[in-house]
Amino acid sequence: WIFLSLFYQKFNFRTSLKDNKYLDVAINGLANVLITGDQDLLILHPYRGILPILSPSDFIKESNCRLS
């Protein structure tokens, strides 16, 4: 027998209910970062110290990416 246990936690944020689905996926999917231009999400950075929420330009700056 193989037992598969999935842990899924729903989050409810007071800023904008429409954004909850993106945070749910990022946190439950163990994302390293959430990249967005949505101000309602950006003001949560970093969420509980576990999920950086960055704008695309901040992500590029922090990861030292180069655009060609």
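This is a short tour of the structure, stop by stop, with a selection to make at each one.

**Before you start**

You are looking at a predicted model, in which local features need pLDDT of at least 70, side-chain atom pairs count only at pLDDT 80 or more, and totals for chains, interfaces and linings use all residues. Residues are numbered from 1 along each chain as its sequence is written, and side-chain values use heavy atoms, with hydrogens and water left out.

**Stop 1: the whole chain**

Show the protein chain as a cartoon and you will find three helices and two strands. Helices (H or I, at least four residues) and strands (E, at least two) are DSSP runs, numbered from the N terminus. Following the sequence, the order is α-β-α-β-α.

Now switch on a surface. The protein chain exposes about 5,600 Å², and carbon and sulfur atoms supply 58% of that area. Accessible areas come from the Shrake-Rupley method with a 1.4 Å probe, and for residues only the protein chains shown count as cover. Of the 68 residues, 28% count as buried. Here buried means under 20% relative accessible area, exposed over 50%, and partly exposed in between (1.4 Å probe, protein chains only).

If you draw contacts (heavy atoms within 4.5 Å), residues 24 or more positions apart account for 20% of those in the protein chain with a separation of 6 or more.

**Stop 2: the core**

Select L23, A26, I27, L34, L41, L42, L44, Y47, L51 and I53, the 10 residues of the largest nonpolar core. The term covers a set of buried Ala, Val, Leu, Ile, Met, Phe, Trp, Tyr and Cys residues joined through side-chain atoms within 4.5 Å. Two elements give two or more residues to this core: α1 (20–28) and α2 (39–42). Of the elements, α1 gives the most, with three residues.

Next, centre the view on L34. Which residues is L34 in contact with, leaving aside its neighbours within four places in sequence? They are L23, A26, L41, L51, P52, I53 and L54.

**Stop 3: helix α1 and what precedes it**

Colour the buried residues of α1, which are N20, L23, D24, A26 and I27. Turn the helix and you can see that these residues pack against β1 (34–35), α2 and β2.

Stay with N20, a residue of helix α1. Is N20 buried or exposed? N20 counts as buried because its relative accessibility is 7%. Draw a distance from its C-alpha atom to that of L41, 21 residues apart along the chain, and you should get 9.2 Å.

Step back to K18, in the segment before α1. K18 counts as partly exposed, at 49% relative accessibility. Not counting residues up to four places away in sequence, K18 touches D38 and D40. The C-alpha atoms of K18 and D40 are separated by 9.7 Å, with the two positions 22 residues apart in chain numbering.

**Stop 4: backbone features**

Most residues other than glycine have a negative phi, and most peptide bonds are trans. The next selections are worth viewing with the backbone shown.

- L30 follows α1 and sits in the loop between α1 and β1. Its phi is near 60°, a positive value in a residue other than glycine. L30 is exposed, with a relative accessible area of 70%.
- R48 lies in the loop between α2 and β2. Although R48 is not a glycine, its phi is positive, about 50°. R48 is exposed, with a relative accessible area of 60%.
- P46 is also a residue of the loop between α2 and β2. Select H45 together with P46 to see the cis peptide bond that joins them, where omega is about -20°.

**Stop 5: S55**

Finish at S55, in the loop between β2 (53–54) and α3 (56–63). At 14% relative accessibility, this serine counts as buried. Which residues does S55 contact, leaving aside its neighbours within four places in sequence? Select I35, T36 and L42 to show them. L42 will be familiar from Stop 2, where it appeared among the residues of the largest nonpolar core.
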